[in-house]
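Hi everyone, thanks for making time today. I'd like to walk you through a structure that may be new to you, so please have a look at it first.

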Amino acid sequence: MEPTEATEPPGGRRDWTDGYVDRWRGVLPDLDPVVEGAVTRMKKLSVHLRRVREQALVDFGLERHEFDTLHRIAGHGGSAAPSELADDLDLAPASVAARLDALEERGLVRRVRAAAERRRVVVELTEAGRETWRGATGVLGQEEARLLGVLAPGDRALLNDLLRRVMIGAESPEGPR
């Protein structure tokens with residue numbers, strides 16, 4: 001397969017990846033610069049967003065596993081059964097219980113009896129837990145909006161659709177076509 005020609009960036013502006021791809025084209029003559037550029041940019045953006053997330057967690061006094069637990073509870077509308085959290089987090093119930101104990105001790109969640117079935121316990125975000133989760137999530141959301149804000153709304157939608165197609169290929173048992 002013949003490599004696809006990379007297009008000149010708009011306005012002639014180049015990023016770090018352009019130089020990276022140029023170096024590798026000299027080493028690997030069959031390298032597709034468009035594929036290499038896209039994959040490298042996705043990796044770099046992923047690393048960047050992970051760093052922003054980790055800094056937000058530090059700023060809000062959360063460990064990653066604490067944030068993940070709060071996030072799952074928030075995803076259930078602010079209240080979830082421990083068994084639901086164990087499924088969502090792919091953890092043993094005892095591991096979830098330990099997480100919930102620590103979060104409850106910090107005042108970020110509380111365990112309450114379910115109204116319909118008194119023997120059932122649900123975990124709720126406290127106001128402090130909701131504010132902490134929203135704050136950390138908001139920092140990442142602002143950075144995501146800043147990054148994608150360089151694109152017009154139609155281009156953002158197109159990027160989303162293109163990445164969906166790539167993911168469908170990645171998730172397919174037979175691989176991309």
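Before we talk about a sheet, one term: two strands count as paired if DSSP finds at least two bridges between them. With that in hand, please keep in mind that what you see is a predicted model.

How confident is the predictor, on average? The mean pLDDT of the protein is 90, and 93% of the residues score at least 70. Among the elements, helix 6 has the highest mean pLDDT, 97, while helix 1 has the lowest, 91. A general word of caution: where pLDDT is low, the predicted coordinates should not be read in detail.

Let's begin with the sheet. In what order do its strands lie? The order is 1-3-2, in an open sheet of three strands with antiparallel pairing. Strand 1, residues 79–80, and strand 2, residues 109–113, are the edge strands, and each of them pairs on one side only. Between strand 2 and strand 3, which covers residues 121–125, the antiparallel pairing runs over five bridges. If you want a spot to look at, find Val112, which stands opposite Val122 in strand 3. Packed on this sheet is helix 5, residues 93–105, which touches strand 2 and strand 3. The direction of helix 5 makes about 110° with that of strand 2.

Now let's zoom in on one residue of the sheet. Glu124 has its place in strand 3. Is Glu124 buried or exposed? Its relative accessible area is 23%, so Glu124 counts as partly exposed. Leaving aside residues up to four places away in sequence, Glu124 touches Gly78, Ser79, Leu108, Val109, Arg110 and Val112. There is also a nice example of sequence and space telling separate stories: Glu124 and His76 are 48 residues apart in sequence, and their C-alpha atoms are 9.6 Å apart in space.

A little further along the chain we meet Thr126, in the loop between strand 3 and helix 6, the latter being residues 127–148. Thr126 has 9% relative accessibility, and because buried means under 20%, it counts as buried. Its contacts, again not counting residues up to four places away in sequence, are Gly107, Leu108, Val109 and Arg110.

Next, the nonpolar core. Which residues of the largest one touch the most other members? They are Leu62, Leu70, Ile73, Leu85 and Val109, out of 19 residues in that core. Helix 3 (64–75), helix 4 (82–89), helix 5, strand 3 and helix 6 each supply at least two residues. Helix 3 gives the most, with four residues. Take Leu70 as a case to explore on screen: beyond residues up to four places away in sequence, Leu70 touches Leu62, Leu103, Leu108, Val109, Leu125, Gly129 and Trp133.

Finally, let's turn to charges. How many salt bridges does a search of the whole structure find? It finds eleven. I've picked out a few for you.

In one of them, the side chains of Asp18 and Arg41 meet, at 2.8 Å from N to O. Asp18 lies in helix 1, residues 16–27, and Arg41 in helix 2, residues 33–59, so this pair ties together parts that are 23 residues apart in sequence. Asp18 counts as buried, at 16% relative accessibility, whereas Arg41 is partly exposed, with a relative accessible area of 28%. Asp15 joins in as well: Asp15, Asp18 and Arg41 are linked in a network of salt bridges.

Another salt bridge brings us back to the sheet: the side chains of Asp101 and Arg111 meet at 2.9 Å, N to O. Because Asp101 lies in helix 5 and Arg111 in strand 2, the pair ties together parts that are ten residues apart in sequence. Asp101 is partly exposed at 43%, and Arg111 is partly exposed at 29%.

My last example sits within a single helix. Arg164 forms a salt bridge with Asp161, with their closest N and O atoms 2.7 Å apart. Both lie in helix 7, residues 153–171, three residues apart, which is about one turn of the helix. Arg164 is partly exposed at 42% relative accessibility, and Asp161 is partly exposed too, with a relative accessible area of 35%.

That's the tour, and thank you for listening!

Note on methods: Residues are numbered from 1 along each chain as its sequence is written. This is a predicted model: local features need pLDDT of at least 70, side-chain atom pairs count only at pLDDT 80 or more; totals for chains, interfaces and linings use all residues. Side-chain values use heavy atoms; hydrogens and water are left out. Contact means heavy atoms within 4.5 Å. Axes are lines fitted to C-alpha atoms, for helices over the stretch in contact, and angles run from 0 to 180 degrees between N-to-C directions. Buried means under 20% relative accessible area, exposed over 50%, partly exposed in between (1.4 Å probe, protein chains only). A salt bridge is a side-chain nitrogen of Lys or Arg within 4 Å of a carboxyl oxygen of Asp or Glu. A nonpolar core is a set of buried Ala, Val, Leu, Ile, Met, Phe, Trp, Tyr and Cys residues joined through side-chain atoms within 4.5 Å. pLDDT is the predictor's confidence in each residue, from 0 to 100.
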